[in-house]
Amino acid sequence: MNSVVDRVRPFLWPALVIAGVVIVGCSQATWGFSDEGIGLRITGLGGVDATAADSADAQAFFADQTHRPGLITLIPGVVIFLAATLCWWKPFRANRIAVAVAAGIIVAAGVATAVWAGVVVADPARKLFDANVIDAVDLPGPILSPGWGLITTLVVGVITAIGAVIAALLRWRQGVSPAQ
């Protein structure tokens with residue numbers, strides 16, 4: 001068991017750095033889509049793409065009616081990236097308390113990301129569109145389905161929170177060691 005931990009430990013902080021970058025990237029990816037009608041794709045930052053023949057008009061209309069819920073995950077993604085980069089830096093890693101504080105910040109940012117992404121997954125249209133669009137479109141089913149960027153943001157947020165706890169616990173248990 002200890003050999004597995006020793007093999008995994010060097011990769012935890014770099015993995016958390018990558019997780020921060022993934023959250024930032026996925027905040028800008030597809031958060032909602034609909035293959036019906038004009039085939040909308042809405043990004044977390046409010047970008048609109050439509051696949052229908054008159055897509056320019058649809059894009060112009062929906063671009064004015066979208067929110068940008070990805071901004072709320074973009075900021076924690078940057079925080080995760082910066083805090084994990086600090087923890088990956090060997091002189092910083094020597095201070096167990098500093099690592100514990102940085103890991104706590106990463107956990108909080110990961111949980112905030114996962115919670116917000118979960119709220120948006122529950123009803124992407126209500127978070128991506130203005131109330132005017134929701135009221136105008138009266139469909140029996142959901143207007144938008146969660147996009148791959150939103151689902152990835154949710155999963156990576158959860159993994160980040162868990163990974164930061166594990167990394168901090170391993171660092172705390174290890175003490176000061178040149179192998180770390």
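Colleague: How many salt bridges does the structure hold?

Modeller: The structure holds 1 salt bridge. Its partners are the side chains of Asp123 and Arg126.

Colleague: What makes the contact of Asp123 and Arg126 a salt bridge?

Modeller: The term requires a side-chain nitrogen of Lys or Arg within 4 Å of a carboxyl oxygen of Asp or Glu. For Asp123 and Arg126 the N to O distance is 3.3 Å, so the pair satisfies the definition. In general, side chains of opposite charge can pair when their charged atoms come close.

Colleague: On what kind of model do these statements rest?

Modeller: This is a predicted model, in which local features need pLDDT of at least 70 and side-chain atom pairs count only at pLDDT 80 or more, while totals for chains, interfaces and linings use all residues. Residues are numbered from 1 along each chain as its sequence is written, and side-chain values use heavy atoms, with hydrogens and water left out.

Colleague: Why is Asp123 called partly exposed?

Modeller: Buried means under 20% relative accessible area and exposed means over 50%, with partly exposed in between; the probe is 1.4 Å and only protein chains are considered. Asp123 has a relative accessible area of 29%, and therefore belongs to the class in between.

Colleague: How many disulfides are there, and how do you know?

Modeller: A disulfide is a pair of cysteine sulfur atoms within 2.5 Å. By this rule the count is 0.

Colleague: Why are Cys26 and Cys87 called buried?

Modeller: Cys26 has a relative accessible area of 6%, and Cys87 has 0%. Both classifications follow because buried requires a value under 20%.

Colleague: Which secondary structure elements does the protein have, and how are they recognised?

Modeller: The protein has 8 helices and 4 strands. Helices (H or I, at least four residues) and strands (E, at least two) are DSSP runs, numbered from the N terminus. Their order from the N terminus is α-β-β-β-α-α-α-α-α-α-β-α.

Colleague: How do you know that strands E1 and E2 pair?

Modeller: Two strands pair if DSSP finds at least two bridges between them. E1 and strand E2 (residues 40–43) share 3 bridges in the antiparallel sense, so the requirement is met. Ile42 of E2 is the bridge partner of Gly32. The hairpin of these strands has 6 residues between them, and Gly37 takes a positive phi near 65° there.

Colleague: What makes E1 and E4 a pair?

Modeller: E1 is joined to strand E4 (residues 145–146) by 2 bridges, again antiparallel. The pairing therefore counts, as at least two bridges are required. Ser145 in E4 is the bridge partner of Phe33.

Colleague: Why are E3 and E4 said to stand at the edges?

Modeller: The 4 strands form an open sheet with antiparallel pairing, in the order E3-E2-E1-E4. Strand E3 (48–50) and E4 each have a single partner strand, so one side of each is left without a neighbour in the sheet. E3 is joined to E2 by 3 bridges, and Ala50 of E3 is the bridge partner of Leu40.

Colleague: Why is Thr30 called buried?

Modeller: Thr30 has a relative accessible area of 15%, so the value falls under the 20% limit. Thr30 lies in strand E1 (residues 30–33). Contact means heavy atoms within 4.5 Å; beyond four places in sequence, Thr30 touches Arg41, Ile42, Thr43, Gly147, Trp148, Gly149 and Leu150.

Colleague: Is Val120, a residue of helix H5, buried or exposed?

Modeller: Val120 is buried, with a relative accessible area of 0%. Outside its neighbours within four places in sequence, Val120 is in contact with Trp31, Pro69, Lys127 and Leu150. Val120 and Gly32 are 88 residues apart in sequence, and their C-alpha atoms are 9.3 Å apart in space.

Colleague: Why does Ile97 count as exposed?

Modeller: Ile97, also in helix H5, has 54% relative accessibility. Exposed means over 50%, and the residue therefore qualifies.

Colleague: What makes the nonpolar patch a patch, and which residues form it?

Modeller: Patches are made of residues with over 30% relative accessible area and no salt bridge; like charges are joined within 9 Å, and nonpolar side chains (Val, Leu, Ile, Met, Phe, Trp, Tyr) within 5 Å. Ile75, Val79, Ile97, Val101, Ile105 and Trp172 form this patch, with about 560 Å² of accessible area together. Helix H3 (71–88) and helix H5 (96–122) are the elements that give two or more residues to it. H5 supplies the largest share, 3 residues. Accessible areas come from the Shrake-Rupley method with a 1.4 Å probe; for residues, only the protein chains shown count as cover.
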